[in-house]
Amino acid sequence: MRAVIATEPGGPEVLTLTELPDPLPAPGEVVLEVTATAVNRADLLQRQGFYPPPPGASDVLGLECSGIVSKVGEEVTGWQVGDQACALLAAGGYASQVAVPAGQLMPVPDGVSLVDAAALPEVACTVWSNVFMVAGLQPGETLLVHGGAGGIGTFAIQAAVALGARVAATAGSAEKRAVCERLGAEVTIDYREEDFVEVLRGRGGADVILDNMGAKYLGRNVDALATEGRLVVIGMQGGTKGELDLATLLRKRGAVIATSLRARPTEEKAAICASVTEHVWPLVADGRIAPVIHTKLPLSEVAQAHRILEAGEQVGKVVLTA
Ligand SMILES: NC(=O)c1ccc[n+]([C@@H]2O[C@H](COP(=O)([O-])OP(=O)(O)OC[C@H]3O[C@@H](n4cnc5c(N)ncnc54)[C@H](OP(=O)(O)O)[C@@H]3O)[C@@H](O)[C@H]2O)c1
């Protein structure tokens with residue numbers, strides 16, 4: 001099979017398209033003939049040598065893909081050769097074939113092309129598991145989404161609006177704020193020019209915050225929480241070590257939660273994929289959530305795809321076709 005690996009830690013130029021042996025399905029796995037994959041920020045860190053794949057996972061980059069089932073392992077039920085699917089992966093999506101635990105496959109939502117479906121698993125599973133399964137966002141509550149025009153942000157805004165929540169979003173330019181507004185955000189905040197704490201305080205605070213920044217925003221996020229608010233940290237773009245004012249958190253009866261999807265056991269990922277299929281795919285099928293795709297490039301242009309994310313040019317996802 002064709003696959004992309006990083007030959008050594010470094011810039012986009014270390015990404016190399018190479019030939020590797022075709023994967024075989026272990027018991028409980030299927031092999032997908034990959035149609036498309038998508039780029040995640042974690043891929044940039046892995047390429048730089050800062051985010052190794054979990055033990056036992058392939059060195060091939062790629063946390064999600066779409067494709068057609070080409071081999072079915074023992075003990076797999078519900079999937080057959082020829083089925084179309086998209087998948088949440090621990091690794092291996094930047095390839096022409098990938099072996100994946102059957103529980104991490106999801107059907108392609110109605111109305112979405114097989115290529116575009118590659119842009120959905122990581123954002124859908126991350127947003128659904130954090131904002132809804134963990135933080136329990138309710139209709140009528142306010143969600144603050146940091147980085148509203150990114151891959152995660154564009155999905156989070158749409159999902160929260162579809163389920164009846166009110167959304168505030170931060171973004172780094174007028175154009176990106178306009179994207180957030182088009183997706184349904186009631187309030188948008190230019191994080192380069194405005195203080196999101198002031199804006200949120202003026203609206204009673206955020207019941208849930210989905211945070212990509214980590215340390216840099218920890219104190220201000222707690223300040224922006226409403227009483228009984230839940231801050232969910234999923235990214236550390238602003239560093240890992242911050243100071244938490246427990247008095248403020250205690251007074252608000254607030255919660256600070258941090259989670260990572262990639263290293264979870266297969267059974268937990270399977271439970272998230274099943275919940276996404278049940279609760280989120282109907283919202284995609286009826287058009288209330290659409291994949292937001294900045295550009296589609298062939299896998300051979302993977303270095304360019306990484307440069308786009310590194311420069312922060314994208315709105316939504318960058319897809320690579322196998
Ligand atoms: N824990 C998990 O399981 C998990 C899973 C998936 C993703 N993540 C993390 O979630 C984060 C978002 O992922 P993604 O795929 O959406 O990446 P992405 O598409 O590259 O988006 C990154 C976002 O960060 C925003 N940003 C940059 N500086 C900011 C600042 N000072 N304040 C607010 N926002 C800022 C950017 O906003 P502008 O473009 O408007 O400048 C952009 O929207 C990443 O940190 C990623 O590692 C975590």
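**Exercise 1. The two sides of helix H4**

Which exposed residues does the face of H4 turned away from its buried side carry? Work this out after listing the buried residues of H4.

*Solution.* The model is a predicted one, in which local features need pLDDT of at least 70 and side-chain atom pairs count only at pLDDT 80 or more, while totals for chains, interfaces and linings use all residues. Residues are numbered from 1 along each chain as its sequence is written, and side-chain values use heavy atoms, with hydrogens and water left out.

Step 1. Helix H4 spans residues 174–182, and Lys-176, Val-179 and Cys-180 are buried in it; buried means under 20% relative accessible area, exposed over 50%, and partly exposed in between, with a 1.4 Å probe and protein chains only. Helices (H or I, at least four residues) and strands (E, at least two) are DSSP runs, numbered from the N terminus.

Step 2. Viewed down the axis of H4, the buried residues fall within an arc of 100 degrees, so they line one face of the helix; the arc is that of the directions from the helix axis to the C-beta atoms. An α-helix has 3.6 residues a turn, so residues three or four places apart point the same way.

Step 3. On the face turned away from the buried side stand the exposed residues Ala-174, Glu-175 and Arg-182.

Step 4. The cover over the buried residues of H4 includes H3, S9 and strand S10 (187–190), where contact means heavy atoms within 4.5 Å. After H4 comes Gly-184, whose phi is positive, near 120 degrees.

**Exercise 2. Thr-188 in strand S10**

Determine whether Thr-188 is buried or exposed, and trace its side-chain polar contacts.

*Solution.* Step 1. Thr-188 is located in strand S10 and counts as buried because its relative accessibility is 7%.

Step 2. The side chain of Thr-188 makes a polar contact of 3.0 Å with that of Arg-177 and another of 2.8 Å with that of Glu-181. A polar contact is a pair of N or O atoms within 3.5 Å; within protein, one must be able to donate a hydrogen and the other to accept it, and residues adjacent in sequence count only if both atoms are side-chain atoms.

Step 3. When neighbours within four places in sequence are left aside, the residues in contact with Thr-188 are Ala-169, Arg-177, Cys-180, Glu-181 and Glu-194.

**Exercise 3. The surroundings of the ligand**

Describe the shell around the ligand, beginning with its residues and ending with the elements that supply them.

*Solution.* Step 1. The ligand is surrounded by 23 residues, of which the closest are Arg-41, Lys-176, Tyr-191, Tyr-217 and Gln-237; a residue is near a molecule if one of its heavy atoms lies within 4 Å of it.

Step 2. The shell divides into 7 nonpolar, 12 polar and 4 charged residues, where Ala, Val, Leu, Ile, Met, Phe, Trp, Tyr, Cys and Pro count as nonpolar, Asp, Glu, Lys and Arg as charged, and the others, Gly among them, as polar.

Step 3. A polar backbone atom of Gly-150 is 3.2 Å from an oxygen atom of the ligand, whereas for a backbone N or O atom of Ile-152 the distance to a ligand oxygen is 2.7 Å, and for one of Gly-172 it is 2.8 Å.

Step 4. Of the 920 Å² of accessible area that the ligand has on its own, the protein covers 88%, with areas from the Shrake-Rupley method and a 1.4 Å probe; for residues, only the protein chains shown count as cover. Two or more residues of the shell come from each of helix H2 (121–134), helix H3 (151–162) and strand S9 (166–171).
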